[in-house]
Amino acid sequence: MKEFEKVPYRAMTVWKQRAALMHAIIWIVVGVGFFYAQHYSVPLLPLTIIGGLLLIWSILQIGILPRLRWRFHGYRITEQDVWLYDGGWSQEITVVPLFRVQHVQLGQDPFLRRANLANVELETAATKHHIRGLDLHQAEELRDLLLQRLKEEKHV
Amino acid sequence: MYNYRRHPLVIPMGAIRSLWAAILPILFSFGQAMRKGGEFSFLTNFGILIGLILLLLIFEFLKWRSFTYEWNDKEIHIASGIWTKTKTTVPRSAITAVDRSANPIMKLCGLVTLKLETAAGGKEADVVLSYIPNHLAEEWLEEEQHSQAAYRFTGKQLFLYGASSPATLVAMGAVIGLLSDFLSPDHLLEKKEWWKHQGLWLWIAGLTGAVSLLWIIASLVVASKYYGFTLERNEGVLTISKGLWNRRTMRIRAEQIQSLVLMQHPLQALFGYVSVRAHLTSSSDEDGSFDNVLFPLLKKRDLKSWITYYTPEYTLPLGKTPLPRKFQRAPIWRNIIITGWTLLLFFWKAWTLWITIPLILIAAGLGYLQGKTAAWDLTDYHIAFTSQRLAKWTAIIPMSRVQCIKTYTTPFGRQRGYSTIAIHHISGFIGHAAELSYVPTPVAKRIVSLYQLNRRKKGIF
């Protein structure tokens, strides 16, 4: 039995691309820093430690965490609630009652647009919730379904 | 634009407040000038300062000229803005909280500052009318006569509250941090037989003295803010007034309260007191926290009667269920690991070695207390969590106020069967939640399903 609706596999690729871009920028900045550190003859040991930690961090962010998150990222709609699943290391399950939802919003960044994906954002009076990297059709359907359910729910 | 302007006193007072906000850079630049010893540089600074004051005065004057207001039975109108003109209209029915304050200068001139909150969240007040005549404000607010049964503070309680207030602790922590950064005893500890050096003991004595002095000052400041605290209930409206120098009167609708938090600082626990705070839809308390103080101090045995009189929506948790024994020790290990990690970051400092064992013991003790006190309580109408960091707290959230429930599980938690449960409700702090860790996963699931059953039920009062 499928417990909840997962996001498509290519969402993971998008997350990896985005993380790779971020880390490329970080590495360029760090590289420039190292170059100047060499110029001012800073001892090598702390630089190596920093570089090593950064490398581990990059591998985690690009190689491991997107896959972990994809395995546990999605949503489920029941009669009165939206259930949201999110997590990499720590897994998070959220229940949002439909009558608490105040607005639903779709968002796309360039990476997501290219892969025809979208983020869905649910807002209650207290919090914001995200479902990241849904297929655009799926996202629009979800939005319409939510709005329809909301209307029914408010009439009760 | 509209009929009324604020009192012109707002112009110098506004300028003074802006200057006070920039006091550090000003002092710094004067200090720099003094150090160089050049007469010219000092004079230049003085000239710049006077120019700055003039500019501020002109700016405040323009602000004062452009700010006009008016109100009638239904709405309040405000026009403001020097460059961008803004017109604000707030319907009176949308106002959820009113906050009046006046410092002695304003009292002398019969003036008052009104802060009006609407249900829109966030920390800042939505409408601020400063330096308006007192009689206008009173006429508009239709002040009721004081009711008989009111909560009041005695002098002894006031000082206990000052001494145990969270604001006091924050101030002390900041000073200890600053001191140990700028006047650190590192060079003394690196010597052989460091305990024989007088300097170190002097340093410790100095630190103790500075901390206790600060504690006294901070307690007095907090005590002056809460001087003459009264809380009255008039049908659905709670009125809080407090303050020695700046007298504030806040009016809150009781239905606006989203959750209650009972806090018990160790010092308060010693004398059998509890303080009660409330989360509102939008907060305006001045002590830097996002919840408002409802009762600064209450005797534990009186708690129930006061709370049921003032906020009948809330009942006290009756049957607390503690964590199962096998999870009670989990916070100890977590605290030890976190402290160890933090100390590893300072491995090259000489004091690390001497401080490690006591710090880890303290962390373990706090973890033990947290595991021991952590408990939950569920009724058809409420969810209540109790736990302890330094102070013991209990959060009571009505089912009908919950916005969403989150459950977190870490890999260890999944293996051993515990999770963290967070209950979100509306608060002045966006994203605030009451959290309880190391709850057995089946219990967390039961809390969620109970919530799904009872979320539309409200208690009968």
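Mentor: Two strands pair if DSSP finds at least two bridges between them, and strands are DSSP runs of E with at least two residues, numbered from the N terminus. This is a predicted model, where local features need pLDDT of at least 70, side-chain atom pairs count only at pLDDT 80 or more, and totals for chains, interfaces and linings use all residues. Residues are numbered from 1 along each chain as its sequence is written, with chains lettered from A and ligands numbered from 1 in the order in which they are written.

Trainee: Happy to start! Which residue of β16(B) stands opposite B:T321?

Mentor: Look at β15(B) and β16 (residues 375-378) of chain B, which pair in the antiparallel sense over two bridges. Opposite B:T321, in β16(B), you will find B:W376.

Trainee: Why is one side of β14 and of β15 of chain B left without a neighbour in the sheet?

Mentor: Seven strands of chain B form an open, antiparallel sheet in the order β14-β13-β12-β18-β17-β16-β15. β14 (292-299) and β15 (321-322) stand at its edges, so one side of each is left free of a neighbour there, as each has a single partner strand.

Trainee: Which strand gives the most to the side of chain A that touches chain B?

Mentor: Counting contacts as C-beta atoms, placed from the backbone, within 7 Å, 15 residues of chain A meet 17 residues of chain B. With seven residues, the top contributor on the chain A side is β4 (residues 91-97).

Trainee: And what is the bridge partner of A:T94 in β19(B)?

Mentor: β4(A) pairs with β19 (residues 402-409) of chain B in the antiparallel sense, over five bridges. Within β19(B), the partner of A:T94 is B:K406.

Technical notes:
Helix = DSSP H or I, 4+ residues; strand = E, 2+ residues; numbered from the N terminus. Contact = placed C-beta atoms within 7 Å.
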